[in-house]
Amino acid sequence: MAFSLLSNEGKVGIYNQNKTSRCCFLSKYSQFHFGEPLSSRIGVALFGQGPKLLLKIKIMALPMLLIFLFHIASVASSNLRPGFYSKTCPQAESIVRDVMKKNLIREPRSVASVLRFQFHDCFVNGCDGSVLLDDTPTMLGEKLALSNINSLRSFEVVDEVKEALEKACPGVVSCADIIMMASRDAVALTGGPNWEVRLGRLDSLTASQDNSSSIMPSPRSNATTLINLFKKYDLSVKDLVALSGSHSIGKARCFSIMFRLYNQSGTGKPDPAIDPEYRKELYKLCPIDVDQNVTVNLDATPVVFDNQYFKDLVAGRGFLNSDETLYTFPTTRTFVELYSKNQKEFFDAFVEGMLKLGDLQSDKPGEVRKNCRVVNARPNHLLLESLYKQENGHKAI
Ligand code: HEM
């Protein structure tokens, strides 16, 4: 199994030599083994390179690379579990909750925006905080991917949490774990269920705009597309419907429903599933010439996490096509009806879904970032990268 250190084009990798480690997890791509001593787990491979480059790297970069690998491995050797920081940063969870509380008071929508990070982070190469990385001259981050541009927001809330955690326990709590705790808090603080999160994730060293753009679903999606997408992550129809209940809080832009209001499936007409009264309201909120960044509530109680979202779907008052489709499609409708009548069933299924979503892990090496927006400074990595480029006349990755 090889983990690319550079990009798909890059030929320098870290590979796992020992497949009999004592604990491991499955990611959607491969299996990653934890808990082994560094020496037995990791080696450095150069695939398809000439002896000249191999020699150069051996002489110049190997000692530094080993230090770098040691850093990665030393933080990677653990599994996800509740209370992961109970010894290293016992205040972690209360610090996150305090910052989330402050932000809820300052701008109620911001906690919904943070909850959304969990979805957009975990579906793209696992829950590794990749969504939080800013673009760099050599890497296009996920913030400007199709589903995220002009839409994902409240990154500054995560910055604030990270700053508070770095003050209390420097270099301990990963940004990927911050997303997990903060998403849970967003729900618990707005009236939804509270649950214990499994922690111990690492932050990615890179992000992929292309992956994000190709994976994250469009608001136009129908239930079949969504069911198939979630299935790829071992998430069931029940998980899909329950997790869509996240739209119980927050807002969306008119941009996301213009087709639905004015030209559903190229008919030049609105989606017939929209309740006529609600359609009138939407025409007022999102007239044809509206600034499409204008936002509208995702359900009738946008700052309370409850089952109103499902009641709205039953009444034809779902905002997004991807919401209302869950009611019009028979397989998903059963769950929508159940959750509209029974909030506890919804909450239980939601927690289960969030835990499963949070268990999607990256198979790449990681670190605990100091700043969630940038990977930690790493001269040895850059040295290898530039060596490789020099040798191959490669352009920037
Ligand atoms: C089932 C597939 C899903 C689709 C197609 C979808 C799509 C969307 C879209 C289009 C928006 C509004 C974007 C905009 O107009 O700027 C949105 C907002 C939101 N989504 Fe989803 N979403 C899905 C699932 C989820 C999941 C699983 C979560 C959380 C675990 C989530 C949490 C949220 C939240 C909280 C908001 C409101 C954010 C805010 O107010 O800033 N969504 N979603």
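**Exercise 1. Is Asp 299 buried or exposed, and why?**

*Solution.* The model is a predicted one. Begin with the location: Asp 299 lies in the loop that joins β8 (295–297) to α13. Next, apply the cut-off, under which a residue is buried if 20 or more other C-beta atoms lie within 10 Å of its own. Asp 299 has 25 other C-beta atoms within 10 Å, and therefore Asp 299 is buried. Finally, identify its partners. Setting aside residues up to four places away in sequence, Asp 299 touches His 247, Ser 248, Gln 308, Tyr 309 and Asp 312.

**Exercise 2. Determine how Asp 306 is classed, and state what the UniProt record says of it**.

*Solution.* Consider the record before the geometry. The unreviewed UniProt entry carries the annotation "binding site", which covers Asp 299, Thr 301 and Asp 306. In the model, Asp 306 is placed in the loop between β8 and α13. Because Asp 306 has 19 C-beta neighbours inside 10 Å, Asp 306 counts as partly exposed. Its contacts, apart from neighbours within four places in sequence, are Gly 191, Ser 248, Thr 301 and Gln 343.

**Exercise 3. Describe the shell of residues around the ligand**.

*Solution.* Start with the residues that come nearest: of the 28 residues around the ligand, these are Ser 113, Ser 151, Ser 246, Gly 250 and Ala 252. Then turn to the elements involved. Two or more residues of the shell come from each of α5 (109–122), α10 and β7 (251–253). Helix α5 supplies the largest share, 7 residues. Lastly, sort the shell by residue type, which yields 13 nonpolar, 10 polar and 5 charged residues.

**Exercise 4. Describe how helices α4 and α6 pack against each other**.

*Solution.* The description of two packed helices rests on the angle between their axes and the distance between the axes. For α4 (residues 92–106) and α6 (residues 155–168), the axes come within 9 Å and cross at roughly 145°. The crossing is right-handed. The residues that make the contact may now be listed by helix:

- α4 contributes Ala 92, Ile 95, Val 96, Val 99 and Asn 103.
- α6 contributes Val 157, Glu 160, Val 161, Ala 164, Leu 165 and Ala 168.

By type, the contact of α4 with α6 consists of 9 nonpolar residues, 1 polar and 1 charged.

**Exercise 5. How many residues of helix α14 are buried, and what covers them?**

*Solution.* Helix α14 spans residues 321–328, and 7 of its 8 residues are buried. The buried residues are Asn 321, Ser 322, Asp 323, Glu 324, Thr 325, Leu 326 and Tyr 327. Their cover includes α9 (223–231), α10 (237–244), α11 (258–262), α13 (308–314) and α15 (330–341).

**Exercise 6. Relate Gln 361 to the chain as a whole**.

*Solution.* First, place the residue: Gln 361 belongs to the loop between α16 (343–358) and β9 (366–367). With 24 other C-beta atoms within 10 Å, Gln 361 is buried. Next, examine a partner distant in sequence. Gln 361 and Asp 128 are 233 residues apart along the chain, while their C-alpha atoms are separated by 7.1 Å.

Now consider the chain. Among contacts with a separation of 6 or more, 76% join residues 24 or more positions apart. The chain has 397 residues, of which 41% count as buried, and its secondary structure comes to 17 helices and 9 strands.

Key: Residues are numbered from 1 along each chain as its sequence is written. This is a predicted model: local features need pLDDT of at least 70, side-chain atom pairs count only at pLDDT 80 or more; totals for chains, interfaces and linings use all residues. A residue is buried if 20 or more other C-beta atoms lie within 10 Å of its own, exposed if 12 or fewer, and partly exposed in between; C-beta atoms are placed from the backbone. Helices (H or I, at least four residues) and strands (E, at least two) are DSSP runs, numbered from the N terminus. Two residues are in contact if their C-beta atoms, placed from the backbone, lie within 7 Å. A residue is near a molecule or strand if its C-beta atom, placed from the backbone, lies within 6 Å of it. Ala, Val, Leu, Ile, Met, Phe, Trp, Tyr, Cys and Pro count as nonpolar, Asp, Glu, Lys and Arg as charged, and the others, Gly among them, as polar. UniProt positions are given in the numbering used here, feature names are shortened, and annotations may be inferred rather than shown by experiment. Axes are lines fitted to C-alpha atoms, for helices over the stretch in contact, and angles run from 0 to 180 degrees between N-to-C directions. A crossing is left-handed if the near helix is turned anticlockwise from the far one by less than a right angle, and right-handed if clockwise.
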